[in-house]
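Subject: Structure handover

Hi there,

Here is the structure I promised to pass on to you. Please have it open in your viewer while you read.

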Amino acid sequence: MSTPALSRRHPPREAGFDEVDALLIRALQEDGRASIHDLAETLRVSRDVASQRLRRLIEQEGVRVVAALDPHFAGHHVLTHAAVVVDGPLRPVAERIAAMPNSVFVSLTSGNMPLVFESRHRDSAELHEVLDSVRAIPGVRSLLVTTYVDVLSGFFVADRRSPVTIDELDTELITLLQRDGRMSFRALGESIHLSPSSVRARVNRLVEAGVIRISAITSGQLTRSRIAIGLGISARGDSAPIREFLLRSPDVDFAARTHGRFDYVATIEGPSAAHLLRATEELRALPSVSAVESWAHYDIVKENYERAIERAVGGNGGWQVAR
């Protein structure tokens, strides 16, 4: 994954409210456990300002910093994006899809397919079962599915993976961090009866092995610091420039190479519609882009990457993800 380093994108000292908030969220997406000192250095503000901004984002703007299990570690080998045509109101359908354990993201959007969702599955058979369940929901007329082949960037994807065996204490830590990714090492240690230094070593090992990634998500709502649109990109010729653009753009929150309806699917975020338009126009200007379909996210009904882990024979190091 490649979220650009914030140190390469210093904001001006007199940055506006929205820009500072957006940069703070981006910093937390890169490292959800970044210290207040490091956040203040990145934003070029005082520690008090960084602390106040962080507290407000969490308490008033719905931002959460949590740990997410890497899909591969979780045994999810089929990741999909689906767009749904609905007759009648969208929310009842969205809530039914959000209640499905395989769905991790559900959003009400603009466009002629005004509901999109992402889901994860063990295999194609499980995917088809879930899609049949979605088609059976009253009001669903049709849906189009795109499969993620290679996730280039995203909250839930680790930068790297390495073999690791986890034990009961690790699973307890993961569970706690899925609720609050910024929980102090001291509080974590008190919860599982270990010293803060031992907890720090375990958390670092889990992150470095790619088992979890600790980052910021917006807890199901868009804020004045965050406007988001989805992009479905069709390529012509060599698509490498598209991949490079999605990897380097600071506005890209999620991107994947895909099979199906599009060649790439991405989400871009920014503080204003004008900002997102500039980013989209830069993408459209690439000769390798054949077409770009976009949809605005009006209301994120679900954004939840939590998964429980249970003991099981043949799992990852004797453990596997509960479904």
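Below are my notes on what I found in it.

Please keep in mind that this is a predicted model. The protein has 323 residues, and 52% of them are buried. There are 10 helices and 12 strands. Among contacts between residues at least 6 apart in sequence, 76% join residues that are at least 24 apart.

**The barrel**

A good place to begin is the barrel, in which 8 antiparallel strands close up in the order β2-β4-β3-β10-β7-β9-β8-β5. On average, neighbouring strands in this sheet are turned by 35 degrees against each other, ignoring direction. As a reminder, strands of a sheet pair through backbone hydrogen bonds, either parallel or antiparallel.

The two ends of that order meet where β2 (residues 78-86) and β5 (residues 140-153) run antiparallel, joined by 8 bridges. If you want a landmark there, look for Ala-83, which stands opposite Leu-144 of β5.

Strand β9 deserves a closer look. It covers residues 264-270, and 7 of its 7 residues are buried, so the strand is largely enclosed by the rest of the structure. You can see this on both faces: Tyr-264, Ala-266, Ile-268 and Gly-270 are buried on one side, and Val-265, Thr-267 and Glu-269 are buried on the other.

Which strands pair with β9? One is β7 (residues 227-235), which runs antiparallel to β9 and is joined to it by 7 bridges. Here Ala-228 has Glu-269 as its bridge partner. The other is β8 (residues 252-260), with 5 bridges, again in the antiparallel sense. In that pairing, Ala-255 is matched with Ala-266 of β9. Strands β8 and β9 also form a hairpin, with 3 residues between them.

Helix α10 (residues 273-284) lies across β7, β9 and β10 (289-303). Its direction is at about 10 degrees to that of β7.

**Helices α6, α7 and α8**

Away from those strands, I spent some time on helix α7 (residues 185-192). Its buried residues are Phe-185, Leu-188, Gly-189 and Ile-192. Viewed down the axis of α7, these buried residues fall within an arc of 100 degrees, so they line one face of the helix. Arg-186 and Glu-190, on the other side of α7, are exposed. What do the buried residues of α7 pack against? Their partners are α6 and α8 (196-208). Right after α7 comes His-193, which has a positive phi, near 60 degrees.

In helix α6 (residues 168-179) you will find Asp-170. Is Asp-170 buried or exposed? Its relative accessibility is 1%, and since buried means under 20%, Asp-170 counts as buried. The side chain of Asp-170 makes a polar contact of 2.7 Å with the side chain of Arg-205. Leaving out residues up to four places away in sequence, Asp-170 touches Thr-165, Arg-202, Arg-205 and Leu-206.

**The nonpolar cores**

In soluble globular proteins, nonpolar side chains tend to be buried together. In this model, the largest nonpolar core holds 34 residues, and Leu-188, Val-203, Val-211 and Ile-212 touch the most other members. The elements giving two or more residues to this core are α1 (17-30), α2 (36-43), α3 (47-59), β1, α6, α7, α8 and β6 (212-217). Helix α1 supplies the largest share, with 6 residues.

Val-211 is worth clicking on. Setting aside neighbours within four places in sequence, Val-211 is in contact with Ala-68, Leu-69, Asp-70, Phe-73, Val-164, Ile-174 and Leu-206. There is also a second, separate core of 20 residues, which includes Ala-94, Val-106, Leu-115 and Leu-143.

One last residue to look up is Val-66, in strand β1 (residues 64-69). With a relative accessibility of 4%, Val-66 counts as buried. The C-alpha atoms of Val-66 and Ile-174 are separated by 9.6 Å, although the two residues are 108 apart along the chain.

Happy to go through any of this with you at the screen.

Best wishes

Terms used: Residues are numbered from 1 along each chain as its sequence is written. This is a predicted model: local features need pLDDT of at least 70, side-chain atom pairs count only at pLDDT 80 or more; totals for chains, interfaces and linings use all residues. Side-chain values use heavy atoms; hydrogens and water are left out. Buried means under 20% relative accessible area, exposed over 50%, partly exposed in between (1.4 Å probe, protein chains only). Helices (H or I, at least four residues) and strands (E, at least two) are DSSP runs, numbered from the N terminus. Two strands pair if DSSP finds at least two bridges between them. A polar contact is a pair of N or O atoms within 3.5 Å; within protein, one must be able to donate a hydrogen and the other to accept it, and residues adjacent in sequence count only if both atoms are side-chain atoms. Contact means heavy atoms within 4.5 Å. The arc is that of the directions from the helix axis to the C-beta atoms. Axes are lines fitted to C-alpha atoms, for helices over the stretch in contact, and angles run from 0 to 180 degrees between N-to-C directions. A nonpolar core is a set of buried Ala, Val, Leu, Ile, Met, Phe, Trp, Tyr and Cys residues joined through side-chain atoms within 4.5 Å.
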